[in-house]
Amino acid sequence: MKLHEYQTKQIFADHGIPIPKGWVAETPEEAARIAQELGGPVAIKAQVLVGGRGKAGGIKLARTPEEAREVAERILSMTIKGLPVRKVLVEEAADIAQEIYLGITNDRAAKRPVVMASSEGGVDIEEVARRSPEKIVRAHIHPLLGLQAYQIRDLALGIELPREFWSSFIAFARALAQVYQKYDATLVEINPLVITRQGNLLALDAKLVVDDNALYRHPELEKFRDLDAEDPTEVEARQYGLSYIKLDGTVGCMVNGGGLAMATMDIIKLFGGEPANFLDIGGGANAEKVARAMRLILADPKVKVVLINIFGGITRCDEVARGILAAMEEVKPDIPMVVRLVGTNAEEGRALLQEAAMETATTLTEAAQKAVRLAYGQ
Ligand code: GDP
Ligand code: MN
């Protein structure tokens, strides 16, 4: 789950990370009032869950409340990378002397979180990594010892941070590591962390991504969830307990089990097709669940064929087949389906489907080949 900049900044402030003073607004009038209250030049920033808002025109400065109203009006009518802007953050404009980067993410290879810092702040860190990888310095966080002061000093040295800022930088990095751990984050990022002309360090941008699998440990974050900003089919799927990720291909997949879903996608690609989605319907493929999953898949206009791949373990395949048939009755899809059932009572299940003139397959290879052929209209 991604948090908005203004939400992340609230969390930062609670942990002693300095942020510019400001509030969030939903209307141009509110933005003007906030600018009035702040009483100086302000930055107006689109609150959408994508990066590169600056380049897209979603971040502008305004000198007066009147200008803030105009700018906010313009930004609030924008759509950035497909996401409508519903809120703007209005905050005191910073007087920037230097922009640096500070972030923490998981380093899977090292099996530890890694802190990254760079003197090249304000630009995409991926771009820095490509163009001048030597400009990124790293320190891994020991799971028991935590981030040590000497490691942060190493980072400060690595980005050639002037000495006078070291103590604030150490506090910054420590607080950021605390946020990362406390919220079970997979990414926390300040880009840019600025040095102002007045000589302060300030988190000008803020990004926090929390591991979805840890959300149950953070009920306090529930209020931060922005359903508007997420893919509506993925939101619907989550409500029904289905794991669904939309992709770009034409072969819709309905599978029980995450590993089997991945194997199914792999084999579709092996035979030259492209999966339209990842979908794990979980255990117990009853008619209601199959129908819901089918509606989700069919909502995607690119889907040309649906491959249903079910492993019957505790759930018996004949029950699954009845579920599929009942769901077909209800949803009445007008594109071809291929069903592969394997496991307990697979014979009975297949017989039921064949009676109803549905395309079945015994092996996954056969199922994938049939589905790919149908996707290409052969
Ligand atoms: P992003 O483009 O979505 O990453 O949004 P950021 O919050 O990082 O802002 C992008 C850039 O806008 C920053 O790197 C700054 O150069 C500039 N910017 C943002 N806020 C201010 C501000 O208060 N004052 C000034 N002068 N520039 C700002
Ligand atoms: Mn940024």
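**Exercise 1. Cysteines**

Is C253 buried or exposed? Then work out why C253 forms no disulfide.

*Solution.* The model is a predicted one.
Step 1. The relative accessible area of C253 is 1%. Buried means under 20%, so C253 is buried.
Step 2. The cysteine sulfur closest to that of C253 belongs to C317, at 18 Å. A disulfide needs two cysteine sulfur atoms within 2.5 Å, so C253 and C317 are too far apart for a bond.
Step 3. Seen from the other end, C317 is in no disulfide either, and the nearest cysteine sulfur is that of C253. C317 is buried too, with a relative accessible area of 0%.
Step 4. The search of the whole structure finds zero disulfides.

**Exercise 2. The chain and its domains**

State how many helices and strands the chain has, and give the bounds of its domains.

*Solution.* Step 1. There are twelve helices and 19 strands in the chain.
Step 2. The assignment gives domain 1 as residues 21-93, domain 2 as 96-223 and domain 3 as 231-376.
Step 3. Between the C-alpha centres of domain 1 and domain 2 the distance is 25 Å.
Step 4. Along the principal axes, the C-alpha atoms fill a box of roughly 80 × 50 × 40 Å. Of the 378 residues in the chain, 48% are buried.

**Exercise 3. Strand 7 and its partners**

Find which residues stand opposite V90 in strand 7, and explain why strand 7 counts as largely enclosed.

*Solution.* Step 1. Strand 2 (residues 22-25) runs antiparallel to strand 7 and is joined to it by four bridges. In this pairing W23 stands opposite V90.
Step 2. Strand 3 (residues 42-46) also pairs with strand 7 in the antiparallel sense, over five bridges. Here I44 is the residue opposite V90.
Step 3. Strand 7 covers residues 88-92, and four of its five residues are buried, so the rest of the structure largely encloses this strand.

**Exercise 4. The manganese ion**

Name the residues that coordinate the manganese ion (ligand 2), and say which parts of the chain they tie together.

*Solution.* Step 1. The ion is coordinated by the O atom of N191 and by OD of D205, at 2.2 to 2.3 Å.
Step 2. N191 belongs to strand 11 (residues 185-196), while D205 is in the loop between strand 12 (201-203) and strand 13 (207-210); the pair therefore ties together parts 14 residues apart in sequence.
Step 3. N191 has a relative accessible area of 12%, so it is buried.
Step 4. The peptide bond from N191 to P192 is cis, with omega near 10°. P192 is found in strand 11.

**Exercise 5. Positive phi**

Locate N345 and A357, and classify each by accessibility.

*Solution.* Step 1. N345 is in the loop between strand 18 (337-343) and helix 11 (346-355). Its phi is near 60°, a positive value in a residue other than glycine. N345 is partly exposed, at 26% relative accessible area.
Step 2. A357 is in the loop between helix 11 and strand 19 (359-361). A357 is not a glycine, yet its phi is positive, about 60°. With 70% relative accessibility, A357 is exposed.

**Exercise 6. Charges over rings**

Identify the rings over which the charged ends of R163 and R292 sit.

*Solution.* Step 1. For R163, the ring is that of W166, and the charged end is 4.2 Å from its centre.
Step 2. For R292, the ring is that of Y240, with a distance of 3.9 Å to its centre.

Terms used
Residues are numbered from 1 along each chain as its sequence is written. Chains are lettered from A and ligands numbered from 1 in the order in which they are written. This is a predicted model: local features need pLDDT of at least 70, side-chain atom pairs count only at pLDDT 80 or more; totals for chains, interfaces and linings use all residues. Side-chain values use heavy atoms; hydrogens and water are left out. A charge sits over a ring if NZ of Lys or CZ of Arg is within 6 Å of the ring centre and within 35 degrees of the ring normal. Buried means under 20% relative accessible area, exposed over 50%, partly exposed in between (1.4 Å probe, protein chains only). Donors are N, O and S atoms within 2.8 Å of the metal (3.2 Å for Na, K and Ca); water is not among the atoms, so sites may look incomplete. Helices (H or I, at least four residues) and strands (E, at least two) are DSSP runs, numbered from the N terminus. Domain bounds come from an automatic or database domain assignment. Two strands pair if DSSP finds at least two bridges between them.
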